[in-house]
Amino acid sequence: LMARGSLIGPVAVEHTEGRRYGARDMELFAGFVEPVALAIDNARWFQRLRTVGADEERTRIARDLHDRIGQSLAYLAIELDRLVSKEQRGEEIGANLDQLRADVRGVISEVRDTLYDLRTDVSDAKTIAATLDEYVERVRQRSNLEISLRVDQGDERLPILQEREMWRIAQEALTNVERHAEATKVRILWRSNGKAAALEVADNGKGFPPGRAGRLDSYGILGMRERASSIGATLDIISAPGEGTRVRCYLAQA
């Protein structure tokens, strides 16, 4: 059983009589094995997608809550302790309270952005192009990044599970740029004809040394690799110190 160029498994057809099967039987077998192999392969990928997708989603949510909200709340707690100490010493804290109020408003805005980002997704009614456009606009508004988005998509769409994973890869790549790259410009390219697709996210940030992309602390890069693998896509990350980073994901035509 072969599917997508890989061996899915063997099928043995036996009979107690010798030379029982002829050319017609071989034709029937040949027409049978291909759809069976494809069905088994699809079932395996679907199961892996559900497992990997759920694990990655939990990890991503936990990381977002920690990076954006947890650290901000910790800062507010420290500031409150400091103001309490100042007040107990009889020092003036009016100006500090004004600043703390502004900080709290900033945290509330971060919470809203995080929850909105977590809810943003591809659906049957919303293409990856539309989702990308919406997300990019929000990143533009809350950051100083100059983002260009180029979309070349035909009328046909990818299967929803593949589109969803490609979208999450794009979101993770742009999130890494926003939080860690110290970049000023980002270029995003998305192409799809409904059977094959290509995604590229490139920035002009600080980059990182060769070999860093495989480490566990590489800002979600392992998560992107897992997502790409789960849908049969390839992921390439090109970076060097001071030369920015380029994330490329290709989904070949089945």
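How exposed or buried is E178? I looked that up to get going: E178 counts as partly exposed at 24% relative accessibility. My cut-offs are under 20% relative accessible area for buried, over 50% for exposed, and partly exposed in between, with a 1.4 Å probe and protein chains only.

**Ground rules**

I'm working on a predicted model, where local features need pLDDT of at least 70, side-chain atom pairs count only at pLDDT 80 or more, and totals for chains, interfaces and linings use all residues. Residues are numbered from 1 along each chain as its sequence is written, and side-chain values use heavy atoms, with hydrogens and water left out.

**The sheet**

I started with the strands. Helices (H or I, at least four residues) and strands (E, at least two) are DSSP runs numbered from the N terminus. Strands pair if DSSP finds at least two bridges between them.

I found an open sheet of five strands in the order β3-β4-β5-β7-β6, with mixed pairing. Its edge strands are β3 (146-153) and β6, each pairing on one side only. I also noted the angle between neighbouring strands of this sheet: 5 degrees on average, direction ignored. For angles, axes are lines fitted to C-alpha atoms (for helices over the stretch in contact), and values run from 0 to 180 degrees between N-to-C directions.

At the β3 edge, β3 pairs with β4 (residues 185-192) in the parallel sense over eight bridges. There I saw D152 standing opposite R191 in β4.

At the other edge, β6 (residues 234-239) and β7 (residues 245-251) run antiparallel, joined by six bridges. I238 has R246 in β7 as its bridge partner. The two strands make a hairpin with five residues between them, and G242 in the turn has a positive phi of about 80 degrees.

I then followed the side chains along β6. L235, I237 and S239 point to one face and are buried, while T234, D236 and I238 point to the other and are not.

**The helices on it**

Next I checked what sits against the strands, taking contact as heavy atoms within 4.5 Å. α4 lies across β3, β4, β5 (197-203), β6 and β7, and runs at about 5 degrees to β5.

I took the span of α4 too: its 22 residues reach 30 Å from first C-alpha to last, close to the 32 Å expected at 1.5 Å a residue. That expected span is 1.5 Å times one less than the number of residues. Of those 22 residues, 16 are buried, so α4 is largely enclosed by the rest of the structure.

Just after α4 comes E182, with a positive phi near 55 degrees. E182 is in the loop between α4 and β4 and counts as exposed at 63% relative accessibility.

I noted another positive phi, about 50 degrees, at R19, which is not a glycine. R19 is in the loop between β2 (6-7) and α1 (23-88), and R19 is exposed at 85% relative accessible area.

**Aromatic pairs**

Which rings pair up? My search of the whole structure gave two aromatic pairs. The rule takes rings of Phe, Tyr and Trp (its six-membered ring) with centres within 6.5 Å; planes under 30 degrees apart are stacked, over 60 edge-to-face, and the rest tilted.

Y21 and F29 are edge-to-face, 5.5 Å centre to centre with 75 degrees between the planes. Y21 is partly exposed at 33%, and F29 is partly exposed at 26%.

Y135 and W167 are edge-to-face as well, at 5.4 Å and 80 degrees. Y135 lies in α3 (residues 128-142) and W167 in α4 (residues 160-181), so the pair ties together parts 32 residues apart in sequence. Y135 is buried at 1%, and W167 is buried at 0%.

**Salt bridges**

I counted 15 salt bridges, each a side-chain nitrogen of Lys or Arg within 4 Å of a carboxyl oxygen of Asp or Glu.

Back to E178: its salt bridge is with R142, and the closest N and O atoms are 2.8 Å apart. E178 is in α4 and R142 in α3, 36 residues apart. R142 is partly exposed at 25%.

I also looked at R248 and E200, with closest N and O atoms 3.1 Å apart. R248 is in β7 and E200 in β5, so this pair ties together parts 48 residues apart in sequence. R248 is partly exposed at 22%, whereas E200 is buried at 11%. My last note is a network of salt bridges linking R187, E200, R246 and R248.
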